[in-house]
Each structure stands twice: as structure tokens, then as C-alpha cells.
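Trainee: Could you take me through a close look at one part of this model, and then show me how it sits in the rest of the chain? I would like one connected walk-through, please.

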Amino acid sequence: MPPKGSLLVVAALAGTAPAAAQEHELAPIVLRLPGGTRALGVGNAFVAGRGAEVLFYNPAQMSLTRGSAISVQRIGSVSMLGTFSTIGALGRVAIGAGVQYLDYEHLDPGHPYTTPPRLTSHGPLESASLAATVAAAIRWKGTRVGVGVKYLSEQVGPTRDAQVAVDIGAARELGRVTVALVVQNIGPRLEMQGFKADLPLRVTAGAALPEIRLGTFFDLVATAAISVERNGRILPGAGAELLFEQVAGWTVSARTGLRRRDESPLASTWAPTAGASFGLDRFSLDYGFEPTQGSGSTHRLGIRIQ
């Protein structure tokens with residue numbers, strides 16, 4: 001295509017992105033929420049993270065870990081989010097499976113889709129949002145590559161629709177820094193009651209610097225990520241985790257972060273996050289906190305087995 005034609009195509013796409021965002025909602029709602037307790041604590045910047053919950057952020061990172069994680073998050077006094085993920089090995093291939101399930105109350109019987117701030121409000125319709133994922137990852141010439149396939153479902157009262165989506169990710173080390181890139185939620189729209197909703201397609205790049213030694217007993221881990229969504233909105237996040245280990249087998253850590261979260265197809269806000277963990281050998285108890293996008297705040301508890 002001639003350069004002038006290319007510029008015209010880019011300009012046309014840029015001009016229609018906001019209109020598309022206004023015309024179609026984003027669903028399922030569960031994919032717009034954090035996928036893990038540790039990830040929540042560091043500003044949801046986990047595309048280059050490690051642990052079983054990385055299945056929901058970047059399947060390529062499964063090559064670095066084995067184990068399982070389960071978490072429960074209360075959103076205000078109304079909604080409940082539960083997640084489970086597990087990662088193992090089949091020869092040279094890392095395999096994983098996980099489920100994200102949100103139980104909430106829908107406010108508007110005449111419109112089937114909702115936004116994260118409304119999850120703290122009571123509504124007349126019992127609703128549920130589900131994402132079930134299976135994934136595989138391999139190492140190829142120093143680069144980790146992973147693919148995840150998702151079954152997605154959104155149910156509002158008696159109305160329901162389901163689709164299949166794909167995640168594709170890659171990661172590798174540059175010196176001591178892990179860099180990662182992932183494209184998530186590639187798939188067709190949902191449709192309920194005559195209303196269409198785009199999947200929350202996003203491209204995320206991120207990096208993590210593991211365990212900077214601060215003293216005899218303290219280590220610091222830093223992570224950052226930036227996502228570009230379907231409508232062109234940019235959502236950055238970053239965080240740090242301070243680990244304390246005085247006795248072999250026992251660990252205590254504290255996390256803090258900041259992220260820009262989506263509230264609707266066009267609006268977003270900044271939010272601080274925090275968390276902590278207590279570990280003994282292969283077991284860890286995790287906690288995450290974030291002010292909700294409605295009234296109150298959200299608390300998340302998780303258990304990891306490594």
C-alpha cells in the first residue's frame with residue numbers, strides 16, 4: 001500500500017475507535033478484574049510475574065513455575081470473585097488450567113452488560129461471569145512462548161451467551177530483567193438481548209526485576225506493565241514486593257502498587273493497591289487490598305502451593 005494510503009487507513013481506524021467503544025460494551029466482566037492476589041497487590045502488573053496465577057496474565061511465564069493457587073475476593077458487600085489455577089509439566093511442555101468466576105447482581109434488566117464500579121451495588125438479577133482457561137508453554141531458543149484458550153460465559157438473569165477466546169504470550173530474560181509481551185482475549189463478540197459486547201482485547205508489555213538484595217534478610221522485587229486496550233486506552237501499572245526471610249523456610253512479604261483501571265468502555269481512574277504474604281516451605285497465605293470502584297473497598301485472600 002502506498003504511504004499516503006497507509007496514513008489514511010491509520011487515521012480512519014483512529015477516528016472510529018471511540019465510536020466503536022461507545023457502540024459496544026466490554027464483556028465478560030470477569031476479564032476486567034485482577035486475576036490473582038499477589039498480582040492485585042503490585043498494581044495488577046503481573047505479565048512478567050511468577051506463580052500459578054500468571055496463567056491469567058501471560059501463559060509464556062508458566063515455563064518458570066509449578067504449583068497451584070486459589071483465591072476469593074469480596075467486592076463491596078455484593079459481589080464475590082473466585083479463582084483457581086494450577087500449572088505442571090508434561091515433558092518439556094508446561095501445561096496449566098484455571099477458572100475465574102464472578103457472582104454479582106445486575107442493576108439494569110433492560111441492558112445485559114455492566115461495569116466494574118457497579119459490582120458494589122445490589123440489583124434485581126442474579127448474574128455470573130466465567131472464564132475457564134487451558135494453556136501450554138514451551139522454551140524456544142531462549143524465549144518462552146505460550147498459548148491459552150478460554151471458554152467465556154456471561155449470564156444475566158435468564159439470558160446467557162458464551163464464546164471462545166485466545167491468549168498468546170512471549171517472555172525472556174535480558175540480563176537479570178524478565179521482559180514479556182502478551183495479546184489477550186482474541187475472539188468474537190458476545191450478544192445478549194440484542195446488545196453486542198466486544199471482548200476486552202488488550203496488548204500488554206511488562207518487565208520484572210527479581211530479588212534485589214537489600215541486606216542480610218531483605219530482598220526487593222519490582223514489576224511494571226502497560227496495557228493498550230481495543231479502544232486505544234492505555235492502562236499502566238507498577239508495584240514492588242519486599243521479602244523478609246530470617247529463618248530458612250519462613251518468609252514474610254509486603255506489597256504495594258498503583259494501577260490505572262478501567263471503569264467503562266471510555267473512563268478510567270488511578271487506584272493504589274497493597275498486599276502481604278506469609279509463607280512456610282511450599283505453602284503461602286496471601287492478602288490483597290484495593291479501594292473499590294464503587295463504595296467501600298475490596299479484600300482478597302489466597303493460598304499458594306509451590
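Mentor: Happy to! Let's start at proline 28, which lies in the loop between β1 (25-26) and α2 (37-41). Please keep in mind throughout that this is a predicted model. The peptide bond leading from alanine 27 into proline 28 is cis, its omega being near 0 degrees. Helix α2, which closes that loop, begins at residue 37, and Thr37 leads us to the part I would like to examine closely, since Thr37 is one of the residues in contact with serine 71.

Serine 71 belongs to strand β2, which covers residues 67-75. Is serine 71 buried or exposed? Its relative accessible area is 5%, and anything under 20% counts as buried, so serine 71 is buried. What does its side chain do there? One polar contact, at 2.5 Å, links the side chain of serine 71 to that of threonine 83. Another polar contact, of 3.1 Å, runs between the side chains of serine 71 and arginine 300. Both of those partners reappear in the wider set of contacts: setting aside neighbours within four places in sequence, serine 71 is in contact with Thr37, Leu81, Gly82, Thr83, Arg300, Leu301 and Gly302. When you turn the model, try centring on serine 71 and picking out Leu81, Gly82 and Thr83, then Arg300, Leu301 and Gly302, among its contacts.

Now let's step back to the chain as a whole. It contains two helices and 17 strands. Its radius of gyration is 19 Å, close to the 19 Å given by the globule rule for 306 residues, so the chain is as compact as a globular protein of that length. The C-alpha trace spans about 60 × 55 × 35 Å along the principal axes. Of the 306 residues, 46% are buried, and serine 71 is among the buried ones. Sequence-distant pairs feature too: taking contacts between residues at least 6 apart in sequence, 54% join residues at least 24 apart. The contact of serine 71 with Arg300 makes a handy example to look at. On the outside, the chain exposes about 13,800 Å², with carbon and sulfur atoms supplying 66% of that area. As for charge, there are 28 positive and 23 negative side chains, and the centres of the two sets lie 8 Å apart.

A few other places deserve a visit while the model is open. Asparagine 185 sits in strand β8 (residues 177-186), where its phi is near 65 degrees, a positive value in a residue other than glycine. Asparagine 185 is buried, at a relative accessible area of 0%. Aspartate 281 also has a positive phi, near 55 degrees, but its setting is the loop between β15 (268-280) and β16 (283-291). With a relative accessible area of 61%, aspartate 281 is exposed.

Finally, go to glycine 157, in the loop between β6 (143-156) and β7 (159-174). Glycine 157 is buried, with a relative accessible area of 17%. Not counting residues up to four places away in sequence, glycine 157 touches Leu125, Glu126 and Ser127. Its C-alpha is 8.7 Å from that of proline 124, although glycine 157 and proline 124 are 33 residues apart in sequence.

Terms used: Residues are numbered from 1 along each chain as its sequence is written. This is a predicted model: local features need pLDDT of at least 70, side-chain atom pairs count only at pLDDT 80 or more; totals for chains, interfaces and linings use all residues. Side-chain values use heavy atoms; hydrogens and water are left out. Helices (H or I, at least four residues) and strands (E, at least two) are DSSP runs, numbered from the N terminus. Buried means under 20% relative accessible area, exposed over 50%, partly exposed in between (1.4 Å probe, protein chains only). A polar contact is a pair of N or O atoms within 3.5 Å; within protein, one must be able to donate a hydrogen and the other to accept it, and residues adjacent in sequence count only if both atoms are side-chain atoms. Contact means heavy atoms within 4.5 Å. The radius of gyration is taken over C-alpha atoms; the globule rule is 2.2 Å times the number of residues to the power 0.38. Accessible areas come from the Shrake-Rupley method with a 1.4 Å probe; for residues, only the protein chains shown count as cover. Lys and Arg count as positive and Asp and Glu as negative; His and the chain ends are not counted. The place of a charge is taken as NZ of Lys, CZ of Arg, CG of Asp or CD of Glu.
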